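Biologist: Could you take a close look at one part of this protein for me? I would like to understand how its interior is put together.

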Amino acid sequence: MSETGNRLRKLLESPNFDPQNYVKQLSQQSDGDRDLQEHRQKIQNLADETAQNLKKNVYKNYRQFIETAKEISYLESEMYQLSHILTEQKSIMESITQALLSTDKDETSKEMQAAFPKETEELKQRTLTSLLEKVEGGKNIMDTPGRHLVYNGDLVEFDVDNMSPIQKVHAFLMNDCLLIATWLPNRRGTVKYKYNALYDLESFAVVNVKDNPPMKDMFKILMFPDSRIFQAENSKIKKEWLEILDETKKNKVSKDRHKKEEEVPTSPVRAEVSTNPFDMDDDEPADAEESVDLSLEWIQELPEDLDVCIAQRDFEGAVDLLDKLNEYLKDQPVTPRVKELRLKVDERVRQLTEVLVFELSPDRSLRGGPKATRRAVSQLIRLGQSTKACELFLKNRAAAVQTAIRQLRIEGATLLYIHKLCNIFFTSLLETAKEFEMDFAGNTGCYSAFVVWSRSAMRMFVDAFSKQVFDSKESLSTAAECVKVAKEHCQQLTEIGLDLTFTLQSLLVKDIRAGLQSYKDIIIEATKHRNSEEMWRRMNLMTPEALAKLKDEMRSCGISFEQYTGDDCWVNLSYTIVAFTKQMMNFLEEGLKLYFPELHMVLLESLREIILVAVQHVDYSLRCEQDPEKKSFIMLNASFLHDTVLPVVERRFEEGVGKPAKQLQDLRKSTRPVRINPESTTSVV
């Protein structure tokens, strides 16, 4: 920056800068409008430079910002897991302390229950009946024999998403279920509440919610896929709810286990031993059931632990528990108790699968690339759902690629946009392929699905490519460069053994064919227009530089041009023939860049039609021209076309394609000019 610019920058950056005084002084010192315009331009240049510096700083720190955001996300996940572990440890310590303190209380309670068992049971049932009379729609709850009230109280329910209060409820905890009833605003007689929901004790898990003022004294009930948050009146009542809920759930599990263990066959006992060999089969199920020990604590708590893992999104922990159970039951007989356990576990597996499927759905955030799906995909594969995992993974990646293409802004030159498009698409395709190979390494049957997906993704890319390159009527040279860029990026996929070049070519053939034919028509129309104005005069390029430039252009096309240049800046050819030669050679070069085997005849026929227009014009001029001198000049141009240009076209076509152009050879032979008498009207054979 100049010294004046530096002074201006320091002045504007000074803390005591006063815009009004600055403008006032500037107006007084300036000589007129011109000085003010120049000063305005300096300030504008300084603003542009500052904007560029800011943009460079943003781009410089952008990658670091992305990496930092990822690290923060990982750290947040780890802190959440650590908080959960600490909460579990605290709960375990509290339960141990409570168990030690309540030993005497339990013994006294057992003695009282032994002394007055019927009265206690009847009293609890009478209390529950009297309370349920106040609940609208709760009369059928007492139909279950043995059901009695354990605890009840008022709670306030909060919204899980925004933690705002929803309604006031009354909860009834019974020995096998939990009833939630809402308060009625308009009470009718003794009815105070309205039935809201009834949950089996085995269908939900209870989680303590850490106090975060003003949100305190809360606990959460997890029922996949939903959850509900309730607030107690104070910390003491909250603690009672958590302890009594936990104790009641354990009592129900223990009671169910003892009931199954005490069940014995009621078949009559025979004194004599039967000689029937089939009688031995009646004892085998009982023996098999006794051989499967399902009284282990981790098995009894498995359904509840799975619910907690699913609610806390601990997918790995849930699958680990399932693997542990499958390993334990692998060689065990299938007894009725095992079948019952399997039914409960299968329901949790279905819930876990639904959560993992939702994690891979395109509705979720698509940021993070293919690696973000690895967690859900790996757990689905462990659950034996590799086909579903493959399908969802590919759908997720297709949505991500489509979103990235749609978000790409169309600005600047077409070639620049195509560079960005190819970079985004083929990089995404390469990353997806690598991640797919890593996730499905042991599932070779899924690879065919990836190949099919790659072809559909390529169609998506070609649609965006063609819309920008061919539908916008870009020049043939621009289209050729864009196709070349796409081919080069497509070659990168061969690193992982995926070759989609043929797919890319087959999808582009239609648009390239239309582009070649359209450009051929343009050349033919331009040639006919020049032919209509042809005067058959030598070209005068006026300056040696222009002549040198024309020689370089012809030399780059492979055409020997020295013999047709005269003295000074004259060229012994007509403007029409020179312009036609340059345009046709350019069409040939661009056509070879776009060449596919499927386009062989299209390119060949296009060249033949273009050449035929020029040849027919020369032939017609020879037959119609009466001036001997002009006729000789026309013959010189015809010789240039036949002996110089057409052989170069044939040779260059054969080099680019790899096989001779028989149609062009036949055309050159059929239009061979002959040495003629200037008075004759016959020009070709």
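Leaving aside neighbours within four places in sequence, which residues is phenylalanine 461 in contact with?

Modeller: Happy to help, and please keep in mind that this is a predicted model. Once the neighbours within four places in sequence are set aside, phenylalanine 461 is in contact with Leu421, Cys422, Phe425, Phe426, Ala486 and Leu504.

Now let's place that residue in its surroundings. Phe461 belongs to the largest nonpolar core, a set of 122 residues, and together with Phe465 it is named as having the most contacts inside that core. Helix α21, which covers residues 628-657, gives this core its largest share, 12 residues. Two domains take part as well: domain 3 (297-454) and domain 4 (526-671) each contribute at least three residues to this core.

There is also a second, separate core, with 19 residues, and among them are Leu155, Phe204, Ile244 and Leu245. Two of those names come back when we turn to the empty space inside the model. The search of the whole structure finds 3 cavities of 30 Å³ or more, and the second largest holds about 40 Å³ of space. Leu155 and Leu245 both line this second largest cavity, along with Ala171, Leu178, Ile180, Phe219, Ile221, Phe230 and Trp241. By residue type, that lining divides into 9 nonpolar residues, with no polar and no charged ones. At least two lining residues come from each of three elements: strand β4 (177-188), strand β7 (218-223) and helix α6 (235-262).

For a buried residue of another kind, have a look at threonine 353. Its place is in helix α11, residues 336-359. Threonine 353 has a relative accessible area of 9%, and because that is under the 20% cut-off, it counts as buried. Not counting residues up to four places away in sequence, threonine 353 touches Leu380, Leu383 and Lys388.

Finally, here is the wider setting for these details. The protein has 22 helices and 10 strands. Of its 685 residues, 35% count as buried. If you take contacts between residues at least 6 apart in sequence, 65% of them join residues at least 24 apart. The contacts of phenylalanine 461 with Leu421 and Leu504 are a good place to start as you explore the model on screen.

How values were computed:
Residues numbered from 1 in each chain as written. Predicted model: local features only at pLDDT ≥ 70, side-chain atom pairs only at ≥ 80, totals over all residues. Heavy atoms only, no water. 1 Å grid on protein atoms, 1.4 Å probe; cavity = no way out; pocket = protein on both sides within 12 Å on 5 of 7 lines; lining within 4 Å. Points joined across faces, edges and corners; volume = space filled by probe spheres on them. Helix = DSSP H or I, 4+ residues; strand = E, 2+ residues; numbered from the N terminus. Nonpolar A, V, L, I, M, F, W, Y, C, P; charged D, E, K, R; others polar. Core = buried A, V, L, I, M, F, W, Y, C linked by side-chain atoms within 4.5 Å. Buried < 20%, exposed > 50% of the residue type's maximum accessible area, 1.4 Å probe, protein only. Domains from an automatic or database assignment. Contact = heavy atoms within 4.5 Å.
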